[in-house]
Amino acid sequence: MKLIKPIFIIVTIVSSFSLLSQDIQISGTVEEESSGEAIPNISIVWEGSSGKKFSSTNSYGFYSISVPEGPGRLVFSSFGFKTQTKQFRNLKKNIVLNVSLNELSTELNEVSVTSEKLNDNITTTEMSVSKLSAKEIKKVPQLLGETDVIRTLTLLPGVSTVGEGASGFNVRGGNADQNLIILDEAPVYNSSHLFGFFSIFNADAVKDVKLFKGGMPANYGGRLSSVLDIRQKEGNSKKFSANGGIGLLSSRLTLEGPIVKDKVNFMLAGRRSYFDLFFPLFDVPELNESVAYFYDFNAKLNAKISKKDKIYLSAYFGRDQFSAAELFKFGWGNWTSTLRWNRVISPKWFFNASAVYSDYKYQLGADGTTPFEWDSRIRNLVQNAKWTYYWNNAHTIEFGIQNTYYEFEPAKISGPIDVELQNEYGTEPALYFSDDWRVTDDLTITYGMRYSSFYNIGSRDIQTYQDGGVYNESTIKDTITFEPGQIIRSFNNLDGLEPRLALNYQISSNSSLKLSYNRNRQYIHLISNNTTATPVNVWRPVGQHIEPATVNQIALGIAYNLKETGIRFSTEGFLKTFNNLIDYKDGANLIFEEYIETQLLSGEGRAYGIEVLLEKKTGGLTGWVGYTLARTERKVTGPSRELRVNNGEWYPANYDKLHDLSIVATYALSKAWDFGGNFVYQSGRPLTYPDSRGEFEGIYYPVYTNRNGGRTPSTNRLDLSFTFTPGVKKKNKKWQSSLSFGAYNVYARKNPYSIFFRGEVPDFTDIKAYQLSVIGTAVPYLNYNFSF
Amino acid sequence: MNNYKFLSIFVCLNLFSSCQDEIDITLPDGQERLIINGNVLDNEVASADLSWSINYLSEESNPSVLNASILVLEDDIVWDSLSHVEDGHYLGNKIGEIGRNYSIEVSIPESSDHPSGVWKSQNEKLNRNNPIDSIYSIFLPQATFQREGYYVYVHWSEPLGIGDCYRFRQWKNDTLENAPFNLQVTEDQFFDGRSFNDIDLDALNVAGPERSRDSTLEDQIGIKYSYEISSISLSHHDYINLIQEQTLQVGGLFDPPAAPIVGNIYRGDDPENYALGYFYASAPRKVHIVITP
């Protein structure tokens, strides 16, 4: 309730500015003609006698533009859509103008490309942002032909993974837990199927993907390194349609259509893997009693309840399940649901509110003679309210409030003895404000401020320790009990201020200079000291003994478009400094640890580098070349050996790779045939090699003194795909299908994931070195896709 | 039981086509460190083995230390002196007592070849343990995840009161099964005060038929199995766990990071300068059985 008063004041003040304005307001929504899906980021240009005015659609397809009285024309254009122009002979009053745009084929795009369409990267203040449409993602050759959002993102500059099959992704030197992954505004805590080989996002259900590597808008927060904003399809509001595919790993089906035409529509998508169905072929009885599969469902319902109001209900549910008869069972999955309300308050005001529930849990256990079950989960309730005020063409102001309530259930074991770790509770309120300010025709600044805080709340028993910051058994002083709802520790000081700044100076019509700065704060951590996170790693909040992590990032870049060629070039340099990063004591035990602070260390980090991206967006040949030259390092200092890592010296992070080159291309061989290819080259990743050999009662063991002091050799890989689409000439054909085939790692290169050492049987004293390649051979695939 | 084949297929299906290839690699020669592995037991005289660390891929044994002076302290008072027997193995004269604290002090004289000085361990308490109640074998037929053959079980009760730690070892025909994956330690938090007697909790499974397809039922007849449960400290429990974790790395996606394995022995009083190995106190309880038809 305390927040309502200041928000009311802000709304009143900002509204009063509009009285000063004499312009006419044109507002409305932009939709895709064939499906009725709202289209974000459409460029809207007013061309009148007094010059040009600019605007664009927001995430929900809404736009508002102030124009002077009199004649002019409004041009709606975007990449991939046919430009539409609305002529006005003499505009005298505010109007609502809803527009539908037709999609263009790639070939048509080539001939109809205009500088406005291509130059959205030149005119926007957005930098360090990667946008991918589902269509683009589907063109990229993939492992087993499974269209994969996250795997595609790792082909872009600044985004990498520890190695093949690694869960999550790393953005500009950030850990995988520093990425805020949101699906229709709902946070997703594990984005992987099959331990990291595939992502949970079914591309058929995805509308678009936007990754912020830096310069984050003020409405995003809570993670240090990136925001991956994924929007599900809204569903076709014009006609019923379906599409799907049958692949070697999984099959999928998406249905969408109107319930009430142009008013209420739905989207339903499902996917299931079925490699466990082939177990009987191996003639191993144990496999017949085993289970290994994943599935996911996406659903969305949209309703236009009035001319000004729209309600969305979307959900995701997915599971991975593995079991081997009574020996073990293991499963994990996310459930998210979002209820969102959009309201066009007035031609200048747009409002979005949402309530979100997110639940990630995993279970492991056994059903044998000593059955047990281990459950762990993290639950969220998120509330968002955001107002957008289109003050005039120079200022678009956004402000809002958010609150995220967390419930952490680190471990609950039922078995011979029922035991559990204490739950943890927290709430993270935040306020933000930003202004997209077009200072001059050439200079645009987006500035903003986010203020976040965190309250760790009871009930919970907390250990206190002696002074000195050393948390272990010998320094325990006391145990304090906090009652339900009692605040254990609050983080609500000025450190919660997170300034955001993005500046765009347009040097010419096809080039611009960009600068951005952002400070982010993170209040929850994924507790994992594995090379890559596992599904059983737990999230824990900041609290009595764990501090929030912060990052400061500055980036400088240039964007340059080759006129009329569809080729874009951009380069960015970035520098990030991290504070209070979680690290782990040597040999830390993170499983079933009540007082996790006894296993943790706190350190700092730095990441810096240059990214280059050359894109060709139109024509028969499309794709990109991305290159990153970067360093990522960590440092943990402490008063004693146990509290330091690498003797307090800087050391490379697990995913530090100096060079990262990706070439992605798709080429239309003919009307029916498409060809795709990826080539990836990366420097080796850091490894720790043993300095010498110790012995304990006849067992040889490695002695390590230099964390990540060595490296694996470099890696490279080529993937190819061919897609045959028969009958493309028959435009009105209802049933359309395509056949895709290709191979991942075509030349079967054994790329080293790691180098490790193992004693040989029988006495394990003859130690040899081995190289592990996660995918050491060519992996072919065949997919059949259809739509009707 | 064909678990091995099953697990291989299962893992292959999950990881598609991962492969391991032996490679040639040259590793650095790090700082030479003293290795001390010593113990005080409540049923055998104190002992220690001393050697020097060498290159991790060396095909030779770690060089023994033959000229050390070793004292064992009980509750911080000199209690026993160990003498060199052979190949870096030292023996004392006394047997430990449950509830007492023990530590070791090793002096290496000056030489041009190796570091010299005095290394001291932290105190280790000789913790309580219960005797093993019984050991027995039973024949079990073929079933899912169970190969036909003789299975050996042990009945044992854990003393009431949380905070105890144990190490389990087994011998086959008097040969200790001593690969890294044979290292087994546990804390009592999940079975404090409980009995592994097939009534309260399942009996402890000690051994079963060989996994090899070539081994037959008859091969098991006459095999002597020995099983030992030793009380250890939490610190020693963590140390053994860490050795197992670090020696069983497979370079995989979920491997923990490489970590120094630091025991409880330091050079002088410098906590930054540690010896390798571990000095522990323990109350081992051991039983035997010979498989008969």
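**Inter-chain strand pairing and domain contacts**

In the predicted model, A:Leu772 has B:Gln20, a residue of strand 1 of chain B, as its bridge partner. This pair belongs to an antiparallel arrangement in which strand 52 of chain A and strand 1 of chain B (residues 19–23) are joined by five bridges. On the other flank, strand 52 of chain A is linked to strand 51 of chain A by six bridges, and these two strands likewise run antiparallel. Within that pairing, A:Phe757 is matched with A:Ala769 of strand 52 of chain A. The resulting open sheet consists of three strands, ordered 51(A)-52(A)-1(B), with antiparallel pairing. Its edges are formed by strand 51 of chain A and strand 1 of chain B, each of which pairs on one side only. Neighbouring strands of this sheet are turned against each other by 40° on average, with direction ignored.

The sheet that spans the two chains is part of a wider interface. Contacts between the chains involve 67 residues of chain A and 66 residues of chain B. On the chain A side, at least two residues each are supplied by helix 7 (285–288), strand 21 (290–304), strand 46 (692–696), strand 47 (699–703), strand 51 (754–759) and strand 52 (767–773) of chain A. Strand 52 of chain A provides the largest share of this side, with seven residues. Classified by residue type, the side of chain A that touches chain B comprises 35 nonpolar, 22 polar and 10 charged residues.

Chain A is divided by its domain assignment into domain 1 (4–104), domain 2 (129–229) and domain 3 (230–787). Between the C-alpha centres of domain 2 and domain 3 of chain A, the separation is 6 Å. The contact between these two domains draws on 61 residues of domain 2 of chain A and 106 residues of domain 3 of chain A. Strand 12 (179–183), strand 13 (186–187), strand 16 (206–212) and strand 17 (226–232) of chain A are the elements that give two or more residues to the domain 2 side of this contact. Strand 16 of chain A accounts for the largest share of that side, with four residues. In terms of composition, the side of domain 2 of chain A that touches domain 3 of chain A holds 29 nonpolar, 20 polar and 12 charged residues.

A further sheet in chain A is open and has four strands in the order 3-2-5-6, paired in the antiparallel sense. Strand 3 (51–56) and strand 6 (84–91) of chain A occupy its edges with a single partner strand each, so one side of each has no neighbour in the sheet. From one strand to the next, the twist averages 20°. Strand 2 (residues 43–48) and strand 5 (residues 70–77) of chain A are joined by six bridges and run antiparallel. In this arrangement, A:Glu47 stands opposite A:Arg73 of strand 5 of chain A.

Chain B contains three helices and 19 strands. Its C-alpha trace extends over about 60 × 50 × 35 Å along the principal axes. Of its 293 residues, 34% count as buried. Among the contacts in chain B with a separation of 6 or more, 65% are between residues 24 or more positions apart.

Strand pairing in chain B includes four bridges between strand 7 (residues 101–108) and strand 8 (residues 117–121) of chain B, in the antiparallel sense. In this pairing, B:Ser107 has B:Val118 of strand 8 of chain B as its bridge partner. Strand 8 of chain B is also joined to strand 18 (residues 265–267) of chain B by three bridges, again with the strands running antiparallel. There, B:Trp119 is matched with B:Arg267 of strand 18 of chain B.

The domain assignment of chain B gives two discontinuous segments for each domain: domain 1 covers 34–127 + 260–281, and domain 2 covers 128–234 + 286–290. The C-alpha centres of these domains of chain B lie 29 Å apart. Five residues of domain 1 of chain B and six residues of domain 2 of chain B take part in the contact between them. The domain 1 side of this contact in chain B is made up of two nonpolar, one polar and two charged residues.

Notes
Residues numbered from 1 in each chain as written. Chains lettered and ligands numbered in written order. Predicted model: local features only at pLDDT ≥ 70, side-chain atom pairs only at ≥ 80, totals over all residues. Contact = placed C-beta atoms within 7 Å. Nonpolar A, V, L, I, M, F, W, Y, C, P; charged D, E, K, R; others polar. Pairing = 2+ DSSP bridges. Buried ≥ 20, exposed ≤ 12 C-beta atoms within 10 Å, placed from the backbone. Domains from an automatic or database assignment. Axes fitted to C-alpha atoms, helices over the stretch in contact; angles between N-to-C directions.
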